[in-house]
Amino acid sequence: MIVITTPTGGIGRQVLDRVLDALGALDTQGDWPALRVIAREPGRLAARARERAEVFQGSHADPEVLAAACEGAAQVFWLVPPAPGADSVEGHFRDFTLPLCDVIARQGVPRVVAVSSLGRGVAKDAGPITASLAMDDRIAATGVHYRTLCPPFLMENLLGQAAALRDTGEFRMAYAADRVLRTCATADIAATAARLLLDDSWTGRADVPLVGPDDLTPEGMATVLSDVLGRPVRVRETTPEAYKATALRFGASESGAQGLADMASAMDAQGFYGAAEPSTPDTAPTSFRRWCEEVLRPAVLA
């Protein structure tokens, strides 16, 4: 039994698709292997997911929903969804994680695959990154077999600036424009997660870095974007304070906006997404150029 959380989210949806593809290839006798998903809005699931998976409606922060979905589970894909409107960044992660720890203790779930972040032992006062690393420690302390997927800056973060790229040829980053920023495509996170969910041989705790093949600075990203989009693109450095102000304008709580500002400050000052991180081609093969061609360009030109 595999349980997938956030099955309609940017990463969870891709994990579900890959698991469905893999299990479908195994389903030669018409007996579909056991799969469950926890979804707030089941209507957003693809038709084949509704047909093939047992759907539990609700939040995986709800202890009753989570316990029911994880009954007899062998593998759980775990992702705490972003909540910029939460009263507390740390409290948001804690409210999701404690029910999972209780389910592991009570029901004996053997394996969990979770999405977290690079920065263990380095990142400090980094908002959601710090909260996600604390989540890892809580889950691992249960003794469950645990794999933490650890990407750096997600390429998909730039999708929110597709309109600006189209209208002004500009994107903003609260990061030094001339400093290497390691990146990862969410498709690579999903592929690695699915592979682990379909493998019942791994044991213990381990971090799994997912660092793409590029060593680009934001200025280097702008050069790639210029080539891919066929027009000049420039990066404009912004500040964590401006980042916070933008988040507040878009409805984030004071805590959520401050957490994003803290994350931006820590990324820039502490360098845990920087050049010192080696690429990991086995887990993150997608280049920034390929991602721009396949994902960002269609969004900009839409």
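Two strands count as paired here if DSSP finds at least two bridges between them. On that basis, this predicted model has seven strands forming an open sheet with parallel pairing. Below is a quick tour of that sheet, the helix pairs, and a few residues worth a look in the viewer.

**The sheet**

- Going across the sheet, the strand order is 3-2-1-4-5-6-10.
- The edges belong to strand 3 (54–57) and strand 10 (205–209); each has a single partner strand, so one side of each is left without a neighbour in the sheet.
- Ignoring direction, neighbouring strands of this sheet are turned by 15° against each other on average.
- For one pairing in detail, take strand 5 (residues 111–115) and strand 6 (residues 145–150): they run parallel and are joined by five bridges.
- If you want a spot to start on that pair, Arg111 stands opposite His145 in strand 6.
- Helix 5 packs on this sheet, where it touches strand 4 (75–78), strand 5, strand 6 and strand 10. The direction of helix 5 makes about 170° with that of strand 6.

**Helix 4 with helix 5**

- Helix 4 (residues 89–107) and helix 5 (residues 128–140) have axes that come within 9 Å and cross at roughly 15°. Angles under 35 degrees count as roughly parallel, and that is why helix 4 is called roughly parallel to helix 5.
- The crossing of these two, helix 4 and helix 5, is right-handed.
- On the helix 4 side, the contact uses Val89, Glu90, Phe93, Arg94, Thr97, Leu98, Leu100, Cys101 and Ile104. Helix 5 answers with Pro128, Ala131, Ser132, Met135, Arg138 and Ile139.
- Sorted by class, the contact of helix 4 with helix 5 has ten nonpolar, two polar and three charged residues.

**Helix 3 with helix 4**

- Helix 4 also meets helix 3 (residues 63–70); their axes come within 10 Å and cross at roughly 40°. That angle makes helix 3 oblique to helix 4.
- Helix 3 and helix 4 cross in a right-handed way.
- Pro63, Leu66, Ala67 and Cys70 from helix 3 meet Pro99, Leu100, Val103 and Gln107 from helix 4.
- The class split for the contact of helix 3 with helix 4 is seven nonpolar, one polar and no charged residues.

**Helix 8 with helix 11**

- Further along the chain, the axes of helix 8 (residues 218–229) and helix 11 (residues 288–301) come within 10 Å, crossing at roughly 60°. That makes helix 8 oblique to helix 11.
- The crossing of helix 8 and helix 11 is right-handed.
- From helix 8, the contact takes in Met221, Val224, Leu225, Asp227, Val228 and Leu229. From helix 11 come Phe288, Arg289, Cys292, Glu293, Leu296, Arg297 and Val300.
- By class, the contact of helix 8 with helix 11 counts nine nonpolar, no polar and four charged residues.

**Positive phi in two loops**

- As background, most residues other than glycine have a negative phi.
- Thr6 is not a glycine, yet has a positive phi of about 45°. Look for Thr6 in the loop between strand 1 (2–4) and helix 1 (12–26).
- Thr6 has 13% relative accessibility, so Thr6 counts as buried.
- Asp125, also a residue other than glycine, has a positive phi near 50°. Asp125 sits in the loop between strand 5 and helix 5.
- Asp125 is exposed, with a relative accessible area of 66%.

**Two buried residues and their contacts**

- Ser132 lies in helix 5 and is buried, with a relative accessible area of 5%.
- Setting aside neighbours within four places in sequence, Ser132 is in contact with Phe93, Ser116 and Ser117.
- Tyr273 belongs to the loop between helix 10 (254–270) and helix 11. Tyr273 is buried too, with a relative accessible area of 6%.
- The C-alpha atoms of Tyr273 and Pro152 are separated by 5.4 Å, although the two residues are 121 residues apart along the chain.
- Neighbours within four places in sequence aside, Tyr273 is in contact with a list of residues including Ser117, Leu118, Ile129, Pro151, Pro152 and Phe153. Also among the contacts of Tyr273 are Tyr175, Val180, Leu181, Arg182 and Met267.
- Ser117 turns up in both sets of contacts, touching Ser132 and Tyr273.

Key:
Residues are numbered from 1 along each chain as its sequence is written. This is a predicted model: local features need pLDDT of at least 70, side-chain atom pairs count only at pLDDT 80 or more; totals for chains, interfaces and linings use all residues. Side-chain values use heavy atoms; hydrogens and water are left out. Axes are lines fitted to C-alpha atoms, for helices over the stretch in contact, and angles run from 0 to 180 degrees between N-to-C directions. Helices (H or I, at least four residues) and strands (E, at least two) are DSSP runs, numbered from the N terminus. Angles under 35 degrees count as roughly parallel, over 145 as roughly antiparallel, 65 to 115 as roughly perpendicular and the rest as oblique. A crossing is left-handed if the near helix is turned anticlockwise from the far one by less than a right angle, and right-handed if clockwise. Contact means heavy atoms within 4.5 Å. Ala, Val, Leu, Ile, Met, Phe, Trp, Tyr, Cys and Pro count as nonpolar, Asp, Glu, Lys and Arg as charged, and the others, Gly among them, as polar. Buried means under 20% relative accessible area, exposed over 50%, partly exposed in between (1.4 Å probe, protein chains only).
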